[in-house]
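User: Could you walk me through this one? I'd like to start with the sheet, then go to the contact between chains.

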Number of protein chains: 2
Amino acid sequence: MRTLQLDLGERSYPIYIGTQLLGNPDLFTPHIHGKQVLIVSNTTVAPLYLDALMPALDGFNVQAISLPDGEAYKTLDTLNSIFDALLGYRFNRRCTLIALGGGVVGDICGFAAASYQRGVDFVQVPTTLLSQVDSSVGGKTGVNHRLGKNMIGAFHQPNGVIIDTDTLSTLADRELSAGLAEIIKYGLIRDPEFFTWLEDNIDRLLARDPDALAFAIERSCRNKADVVAADEREGGVRALLNFGHTFGHAIETGMGYGTWLHGEAVGTGMLLAADLSARQGWLTSAQVERIARLLDKARLPVHTPATMDSEQFLEHMAVDKKVLDGGMRLVLLKDIGNAIVTGDFDTKHLRSTLDAAQARATN
Amino acid sequence: MRTLQLDLGERSYPIYIGTQLLGNPDLFTPHIHGKQVLIVSNTTVAPLYLDALMPALDGFNVQAISLPDGEAYKTLDTLNSIFDALLGYRFNRRCTLIALGGGVVGDICGFAAASYQRGVDFVQVPTTLLSQVDSSVGGKTGVNHRLGKNMIGAFHQPNGVIIDTDTLSTLADRELSAGLAEIIKYGLIRDPEFFTWLEDNIDRLLARDPDALAFAIERSCRNKADVVAADEREGGVRALLNFGHTFGHAIETGMGYGTWLHGEAVGTGMLLAADLSARQGWLTSAQVERIARLLDKARLPVHTPATMDSEQFLEHMAVDKKVLDGGMRLVLLKDIGNAIVTGDFDTKHLRSTLDAAQARATN
């Protein structure tokens, strides 16, 4: 087992990565302070892993709730169903929530923990590659609104993150690739050595080689933990983690939540951001090509949706959280492994990037 | 104008108390960092005071939303209507919300500010006596759930609290009395000298003597600010502010939100807590009589609802947030001006208190 620490003063917590962690009480019980535990999972994950988790919670009053599966259910209504359960079981403010599932489960469960009785404890047990390398670490929680993704939420750090890589054995290929998009992101924004490693090892990752996956997860979590420790509430450097996300959110909103997986949208969004960076003269076309090749090898979409035009992109990008007082700011690349947040780009180039993408998508 | 400071490190903020404050830009603009302002009010208060507020916000992009009036609308659905407005106006994370209204408006608006894009700024402009002396100060925000009051929310401190006592001129008598209940509470839990002052000046307060009201508001806010500064997230001493609230919440839940005003329920709840304290041998019956007399003079109900029996009280009290792992803890009085949080009371006495109250109520 590998253990990382996310350093946030009194809100610090460990991240465990390994096999056969799910049923291990030694990993769970130090993070549970009351007697009441609500496991929040979904209808796909609960049948697969709920039983495996239970031995870790012997002696607690354990209840469970299964949410419907999918980004389309990341709503205030689903959130309220968790409150219904918590109040129905008369859970008090010393209860602990455990998020067992992917990013949607983790985000909703985390926001429920942030809001129930103004804040209770929770533990992240991510079961998808994407949630293991990204959303389970760092305390961003929330739900979507029909007018924008992740527009309602809270910063609420978990007491611990328990990543059992055995859960990846049942993950759909498409979900695996979606996770690889966020892994590739860390290479692109701050870890060029890792990017090269990914180019060399992408086939092993796709073949679900346990050692390769464990290495990539740990390296990703370390990158994420370093960034979050430096800027918990996204006043500065944490915004770099949104690389590809402004474009990606536009795809998710434009296509309707859940049509594209978050990681797929981010993958294509990173390529658009790289294309814009090249038009700014910051990347070479050879570098953009390297990025496109790695995404393609990771079986991620490299074309934007054929049904979305530039106007739709701009419309949906403008409501993105990264918009400050009307001036759009984007995360762009100065080099592979070196990202910046900037409003200082040529909007003509942005339009060219979107027009060119549309032309490729409809060819 | 009187100015208090609530000391919470980097979350410190001022509380202004005076007349003709509503339209004063000098009080508002230092607390607004972006250009976008959403005023959240309700259908009763907006027609009375929205126009008076506007001159303070010259030069900002100001929008306003009117919520339906009343505790019954303190729900996730109403909260979502604020998000609809914020996203409809494309407000970004540098926007500021202004709560113009009573406790319900302040609590919902504050929770919207806590949750919109994971947290934006807000300013409290309380217009009822109760919100001026209690809910606008201290950062507790949230909404009700059908199974419990204030069960969903966040700690989110405002950037400032602007208390214009002119707004009390339009307050209904019943709302004025409800505010007096929370004022009396500060005397009972930690300020015996203030309790005596209230006994001597209750008629001036009911006559809305401006000097008496300003004094009582400032003294109450100072008591509240001191307690919150010592224990922002209610790990200890802040729980004393819940004096009367466990009983009161039971009344509010049992009767349906909004049937009794919060302050009315708290007033009766304080008398029940005092009665229990006397049965424990901690208060004399003369002291309980003093409390009952002051509440009665303040035109607050001194009897519990005739339709609620002891079982209903206990049922609704058990879901209250002050319940830790099944053992009920209550705020009780060791003396007038000296409250404690304790689970160490005789449950037979609790039942006697409730049975006696029921007997009085149905006579």
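**Sheet and contact**

Analyst: Chain B has an open sheet of seven strands, in the order S1-S2-S9-S6-S5-S3-S4, with mixed pairing. Keep in mind that this is a predicted model.

User: Which are the edge strands?

Analyst: Strand S1 (2-6) and strand S4 (61-67) of chain B. Each pairs on one side only.

User: And what does the twist average?

Analyst: It averages 15° from one strand to the next.

User: Back to S4(B). Is its pairing with S3(B) parallel or antiparallel?

Analyst: Parallel, over seven bridges, with S3 of chain B spanning residues 36-42. In one of the residue pairs, B:Val40 has B:Ile65 of S4(B) as its bridge partner.

User: What does helix H2 of chain B touch on the sheet?

Analyst: H2(B), residues 45-53, packs on S3, S4, strand S5 (96-101) and strand S6 (121-126) of chain B. Its direction makes about 150° with that of S3(B).

User: Where does H3 of chain B lie?

Analyst: Helix H3(B), residues 76-88, lies across S3 and S4 of chain B. It runs at about 155° to S4(B).

User: New topic. How many residues does each chain put into the contact?

Analyst: Chain A gives 32 residues and chain B gives 32 residues.

User: Which elements of chain A give two or more residues to that side?

Analyst: Helix H3 (76-88), helix H4 (103-115), strand S7 (140-145), strand S8 (148-155) and strand S10 (323-324) of chain A. S8(A) gives the most, with six residues.

User: What's the make-up by class on the chain A side?

Analyst: The side of chain A that touches chain B has 14 nonpolar, ten polar and eight charged residues.

Notes: Residues are numbered from 1 along each chain as its sequence is written. Chains are lettered from A and ligands numbered from 1 in the order in which they are written. This is a predicted model: local features need pLDDT of at least 70, side-chain atom pairs count only at pLDDT 80 or more; totals for chains, interfaces and linings use all residues. Two residues are in contact if their C-beta atoms, placed from the backbone, lie within 7 Å. Helices (H or I, at least four residues) and strands (E, at least two) are DSSP runs, numbered from the N terminus. Ala, Val, Leu, Ile, Met, Phe, Trp, Tyr, Cys and Pro count as nonpolar, Asp, Glu, Lys and Arg as charged, and the others, Gly among them, as polar. Two strands pair if DSSP finds at least two bridges between them. Axes are lines fitted to C-alpha atoms, for helices over the stretch in contact, and angles run from 0 to 180 degrees between N-to-C directions.
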